[in-house]
Amino acid sequence: MPEPRDLPIYELEDRIVAAVRAQGRLIVQAPTGSGKSTQVPQMLLHHGLLGQGEVVVLQPRRLAARMLAKRVAEEVGTRLGDVVGYQIRLDSRVSEQTRIRFVTEGILLRQMSFDPTLRGISAIVFDEFHERHLYGDISLARALQIQQAQRPDLKIVVMSATLDTVQLKGYLAPCEVLTSQGRTFPVQVEYLSKSVDFEHDPVWAVATRECERVAARTTGDLLVFMPGAYEISRTVQDVQGSHALRGFVCFPLHGELPPDQQDRAVARYDTRKIIVSTNVAETSLTIDGVTAVVDCGLARVARYDPHRGINTLLIEKISVASSDQRAGRAGRTAPGVCVRLWTENEHARRPLQELPEVKRLDLAEVVLTLKAAGIDDIANFPWLEKPEPKSLERAETLLEDLGALHLAGLERSDNVDHAFAGTAQTRLLKITPVGRKMLRFPMHPRYARMFLAAQDYGCVRSVALMAALTQGRNFLLRNVDKRTQEARDDLFGEEHESDFFLLMRAWRYADKANYNADACRRLGIHIQGVRQVGPLYEQFLEIAQAEKLDVAEKRIDGVAVRKCVLLGFSDHLARRLDQGTLRCELVHKRKGVLARESCIQEAPLLVAAEITEIESRGEVNTLLNLCTAVEEAWLKELFPEDFSDAGGVTYDPTMRRVLARKERKFRDLVLESKQTAEEPPDGEAAAILAREVMAGNIVLTEWNEAVEQWIVRVNCLAKWWPELEVNPITDADRATLIEQICYGSHGARELKDKPVMPVLRDWLLAEQLAVLDDYLPERLVMANGRKARLTYHKEGPPVLSARIQELYGVSSKFTLGHGRVTVKIEVLAPNQRPIQVTDDLSNFWKEQYPKIKPELSRRYPRHEWR
DNA sequence: GAGCACTGC
């Protein structure tokens, strides 16, 4: 390790000190190895910039906060927790003497919300700011507000490796930018000369070929980046089967592997090594000895889709910044090579940075935090990057439904980017006493709300445990083998009411077994994950006690607990569509599939605490996880207001909690009128709708899940309420609509009822024999309706794609697939993101089959056609 | 025939 004084950052020392002193704000742009994280806080201290106060250094990861504190304490020459300390969730080493405090992002944000003057803090250093975490963005914005309004003496330093400093400089103006060099070895970056389509040439095959090439001309270890566990296992298989790579040992590396396997991947060997890893190796783990990186350029990226209110986990192309970060992994100990599995041309078209978290996560928790700080107009909060309006609206709606916000008035909106500019109003929502109470609980507002409900139902301890179980990573591994599953069934018993209960038993078991590694492995329990539960549980119980909730130990009342879950997740209600499959209908008529590891396999009605659209093996599925069975009668008990005013419209009472109550009513009315679009809507319904619109209880802004709704809405309103100003549909609207068909599963469902499917059926009838000739592939339609696979790659049958293009102005791919004989059309959104439309053609095939059977038997005699 | 990146209060 170099002497601190030799670190490149010291070249900037004088200028850093001068800038902070003059402006109170500074941006330091310096890569890994410059020493910024350890030295800049010490500079502030040693040059007397802190007065009597302390500097708080923000870190995105707990491990980093702890390690940095330890190192700086050594450099300063005091014990950890003395002059230099750290504070992370559930662990801190600080004292009265502490002047440099390393903290994780959530710690500072919470400190800000409970002490907005930041007493005792003289400076805040935002380290690794380029990662653009949600809490980092919010903390910086709040710090600026606090500096401007109350604390002009507060110093703010933002540090980062790579950064869009232009945007940030404007945001922090007046503010200087200082740049330093790093201490890493050069990495030679190579691109493919020709673009590869991973659909034809799988990513693992391409990666293995490049490994073979690069291994021959380097001497160190290889690191291969893949988007996830599945792609990793395929790559490992290919590498192990490769003749040219037979001298290498090869290890998978991802977050869900047990610790011993992770250690095995990171350990040093006598032979050369290939590690195939996810993004863990990009930021969280460093691996020594790597001199070559093979980067597939993809990652699974978590987003929150505010239009549909669900999480997504889809494979996306990584940004330039992220691929540079990956390349850098080859140059830590010696000069290195990085092979990128895309072309230089493609590289130039990639985004420079990842989208910051504010643009892609659920904002409910931070919106509540801001409201508590008295910031009611969150749209005009000084965001470094403004979130989508829909995202803010979704967060506010949820918080209102949870009782954390209430409507305090209506304001006319200046915002005119929607179809109903004339009637646009912003609902002014303020925090309620319940909302303030919820904020005491450091967790998603849904769980905080469950705590408050638990007080009424006498099950605070259970809810505390449930919240703790879901905070960290999922510790009950999926896809376990049969023996593990049997061991689980034996020990945890059969459970049919809630996946939470199963998790509780698994945790209790691990806790009783003292987190014994063998016991955990036998049951497929992730040991680091399950270890975090106990301390969190304790923390939540302490908070509950401080909030005067009754935490007495009682017998667990399953019904009470399940009702609390329903209160927290009422908008995640789902109903099984049939008993044969795991398909479910969700509120808002969306579709999803019950997780196959869920223990709620029988219940017709359930709520899912996690809804995630996941891409894997070329498919996208909406999966319902962490489910709890609920009773239909509870809905009436818990949400009586939903059952009080049907207004002449027929509802499905179990599915009617779709949006906020008023909006929901409006939506149902619109759907109702759609069926009789040529006539005015039913009188009573019309009256309610008109009244609500006029009273401003319904804000006509976003209502466009599908073409039909939009058009019907416009038609209805224009025809029967001429006093409303309605803008005609523009080309821009149309583009939005197409995008929504492509993005929204609801839109996709609507597509199914449109002429596409009939066209498809016609086409199949006319051309089925031709299809068989040209395309009938690996697996055939079996007479008994089992396994069938008929796959078109690319554009699909020309007739069909032309028709889809004509109808929707989008291009499509086409698959006629497996099992129950379903048809999938994959439509590509303007940004190339695919969405699949599926239709079940089992019955259709059943009818058609006898007609084509003779021909099939003649052409494919090797198969049995029953 | 089948489904999962990483953090954080």
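Colleague: Why is Glu-231 called buried in this model?

Modeller: The model is a predicted one, and in it Glu-231 has a relative accessibility of 5%; because buried means under 20% relative accessible area, Glu-231 counts as buried.

Colleague: What makes the contact of Arg-300 and Glu-231 a salt bridge?

Modeller: The side chains of Arg-300 and Glu-231 meet at 3.1 Å, N to O, and because a salt bridge needs a side-chain nitrogen of Lys or Arg within 4 Å of a carboxyl oxygen of Asp or Glu, the pair fits the term. This pair links distant parts of the chain, since Arg-300 is in strand S14 (residues 298-305) and Glu-231 is in helix H8 (residues 229-241), 69 residues apart.

Colleague: How do you know that Arg-326 and Asp-295 tie together separate parts of the sequence?

Modeller: Their side chains meet in a salt bridge of 2.6 Å, N to O. Arg-326 lies in helix H11 (residues 320-328) and Asp-295 in strand S13 (residues 290-295), so the pair ties together parts that are 31 residues apart in sequence. Arg-326 has a relative accessible area of 0% and is buried, and Asp-295, with a relative accessible area of 0%, is buried as well.

Colleague: Why is Glu-316 called buried?

Modeller: The relative accessible area of Glu-316 is 17%, and because the cut-off for buried is under 20%, Glu-316 is placed among the buried residues. The side chain of Glu-316 meets that of Arg-303 in a salt bridge (2.6 Å, N to O). Glu-316 lies in strand S15 (residues 310-317) and Arg-303 in strand S14, so this pair ties together parts that are 13 residues apart in sequence.

Colleague: What makes strand S7 largely enclosed by the rest of the structure?

Modeller: Six of the six residues of S7 (residues 155-160) are buried, so the strand is largely enclosed by the rest of the structure. Lys-155, Val-157 and Met-159 point one way from S7, while Ile-156, Val-158 and Ser-160 point the other way, and all are buried.

Colleague: How do you know that S7 pairs with strand S1 and with strand S6?

Modeller: Strand S1 (residues 25-29) and S7 are joined in the parallel sense over five bridges, and four bridges join strand S6 (residues 121-126) to S7, again running parallel; because two strands pair if at least two bridges are found between them, each count satisfies the term. In S7, Val-158 is the bridge partner of Ile-27, and Lys-155 is the bridge partner of Ala-123. From S6 the chain crosses through helix H5 (residues 134-149) to S7, and this β-α-β crossover is right-handed.

Technical notes
Residues are numbered from 1 along each chain as its sequence is written. Chains are lettered from A and ligands numbered from 1 in the order in which they are written. This is a predicted model: local features need pLDDT of at least 70, side-chain atom pairs count only at pLDDT 80 or more; totals for chains, interfaces and linings use all residues. Side-chain values use heavy atoms; hydrogens and water are left out. Buried means under 20% relative accessible area, exposed over 50%, partly exposed in between (1.4 Å probe, protein chains only). Helices (H or I, at least four residues) and strands (E, at least two) are DSSP runs, numbered from the N terminus. A crossover is right-handed if, with the strands pointing away from the viewer, the path from the first strand over the helix to the second runs clockwise.
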